[in-house]
Amino acid sequence: MSTIYHAAAKINLMLHVTDRYDNGYHHLQSIFVFASCGDEVSVSSDSELKLTVDGPFAHQLPTDQSQNLVIKAIEWLGDYQGIALTGTIHLRKNLPIASGIGGGSSDAAAAIAAFLPKDITFQKKREIVKASGVLGADVPICLAYQLGFGTAFWLDGSGTEGDIKNLTLPSALEIVLVNPGKSVLTSEIFKSLKRPYSDLLEAPEPFITKEGLLGFLSKQRNDFEVPLQTLTPSTKDVLEAISNSKNNLLARVSGSGATCFGLYSDKMDAAAAAQKIQERHPDWWVSQGYLV
């Protein structure tokens, strides 16, 4: 039986855009964490490289599987290692696509992890994480998580070429993810950004308590939040629904898509919020979990 890899949803607790490079990429500063909500990836033996997909959001993926980032990632890994990689990859797509929670990048990272030899060295892992930036800005961080480098990271750079550092966060934070059923292309949201950009921050110190983390986050933001509310007005409704839930600690947009998240200290509060939001908005995607 093949091992199932959890392709965790990627959450940006804060995201500042501080500059634009000459190559078109932007300089970002962000805290990345991962949630128990996610897709599932497994690999079985085959003479060719294939992809099968099921799950509630399988229909949103391109019909041309060669365009799927999972296949591209394994083709890249084979080229990087100088070997032909084969196998049937099965993806259970539980997360909506183009929703700002890194589903495609996390899927690709999980597939890479599944194809790597079990005895790979730590140094080789580091090299592959750095090289994987050619696949997209979120892939290196998702791969760092998959390969056991940590569960929370501070990014200072473009993602494809940036400084990724482990970050200590307090444990036991519950999360509710909500998407109004809207997909947003990352390219569209970047085009909508206007100068002046955000000021640079110093890398944060380890967060020992929830109060320390929330105090820091309360002074930050997601720079995509305002343009997203123009591109996808229902984002504002989602943020209000989360903010108005009982004992919500923080409501914010995650990443560059329309998915918003709410943080809670208590699992029962998160469950109650998710249930209430889903009942009032049955057409929205709502998922409850915890930060891993």
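**Close-up 1. Cys 37 is a buried cysteine with no disulfide partner.** In this predicted model, Cys 37 counts as buried because its relative accessibility is 7%. Which cysteine has the closest sulfur to that of Cys 37? It belongs to Cys 142, but the two sulfur atoms are 14 Å apart, which is too far for a bond. Cys 142 is buried as well, at 1% relative accessibility. Looking from Cys 142, the closest cysteine sulfur is that of Cys 37, again 14 Å away and too far for a bond. If you are hunting for disulfides elsewhere, a search of the whole structure finds zero.

**Close-up 2. Helix 6 turns one face inward.** Here we look at helix 6, which covers residues 210-217. Its buried residues are Leu 213, Leu 214, Phe 216 and Leu 217. Viewed down the helix axis, these buried residues fall within an arc of 160°, so they line one face of the helix. What lies over them? The cover includes strand 1 (4-20) and strand 2 (26-44), along with strand 8 (250-253) and strand 9 (260-264).

**Close-up 3. Arg 252 is buried without a salt bridge.** Arg 252 sits in strand 8. How far away is the nearest side chain of opposite charge? That side chain is Glu 225, at 4.9 Å, and Arg 252 has no salt bridge although it is buried. Its side chain does reach two backbone oxygens: that of Leu 13 at 2.9 Å and that of Leu 217 at 3.0 Å. Leu 217 is also one of the buried residues of helix 6. Leaving aside neighbours within four places in sequence, the residues in contact with Arg 252 include Met 14, Gln 220, Arg 221, Asn 222, Leu 239, Cys 260 and Phe 261.

**Close-up 4. Asn 12 pairs its side chain with Lys 10 and Ser 30.** Asn 12 lies in strand 1 and is buried, with a relative accessible area of 1%. Which side chains make polar contacts with that of Asn 12? One is the side chain of Lys 10, at 2.7 Å, and another is the side chain of Ser 30, also listed at 2.7 Å. Beyond its neighbours within four places in sequence, Asn 12 is in contact with Ser 30, Ile 31 and Phe 32, with Gly 100, and with Val 253, Ser 254, Gly 255 and Phe 261. Phe 261 is a residue to look for in the previous view too, where it is in contact with Arg 252.

**Close-up 5. Leu 69 is partly exposed in helix 1.** Leu 69 is found in helix 1, residues 69-81. Its relative accessible area is 22%, so it is partly exposed. Setting aside neighbours within four places in sequence, Leu 69 is in contact with Gly 104, Ser 105, Ala 108, Leu 135 and Val 139. For a sense of distance, the C-alpha atoms of Leu 69 and Ser 183 are separated by 17 Å, with the two residues 114 apart along the chain.

**Close-up 6. Thr 151 occupies a loop.** The loop that holds Thr 151 runs between helix 4 (139-146) and strand 5 (152-157). Is Thr 151 buried or partly exposed? At 38% relative accessibility, it counts as partly exposed. Apart from neighbours within four places in sequence, Thr 151 is in contact with Phe 32, Val 33, Phe 34, Tyr 145 and Val 292. Phe 32 also appears among the contacts of Asn 12. From C-alpha to C-alpha, Thr 151 and Leu 214 are 18 Å apart in space and 63 residues apart in sequence.

Conventions. Residues are numbered from 1 along each chain as its sequence is written. This is a predicted model: local features need pLDDT of at least 70, side-chain atom pairs count only at pLDDT 80 or more; totals for chains, interfaces and linings use all residues. Side-chain values use heavy atoms; hydrogens and water are left out. Buried means under 20% relative accessible area, exposed over 50%, partly exposed in between (1.4 Å probe, protein chains only). Helices (H or I, at least four residues) and strands (E, at least two) are DSSP runs, numbered from the N terminus. The arc is that of the directions from the helix axis to the C-beta atoms. Contact means heavy atoms within 4.5 Å. Lys and Arg count as positive and Asp and Glu as negative; His and the chain ends are not counted. A salt bridge is a side-chain nitrogen of Lys or Arg within 4 Å of a carboxyl oxygen of Asp or Glu. A polar contact is a pair of N or O atoms within 3.5 Å; within protein, one must be able to donate a hydrogen and the other to accept it, and residues adjacent in sequence count only if both atoms are side-chain atoms. A disulfide is a pair of cysteine sulfur atoms within 2.5 Å.
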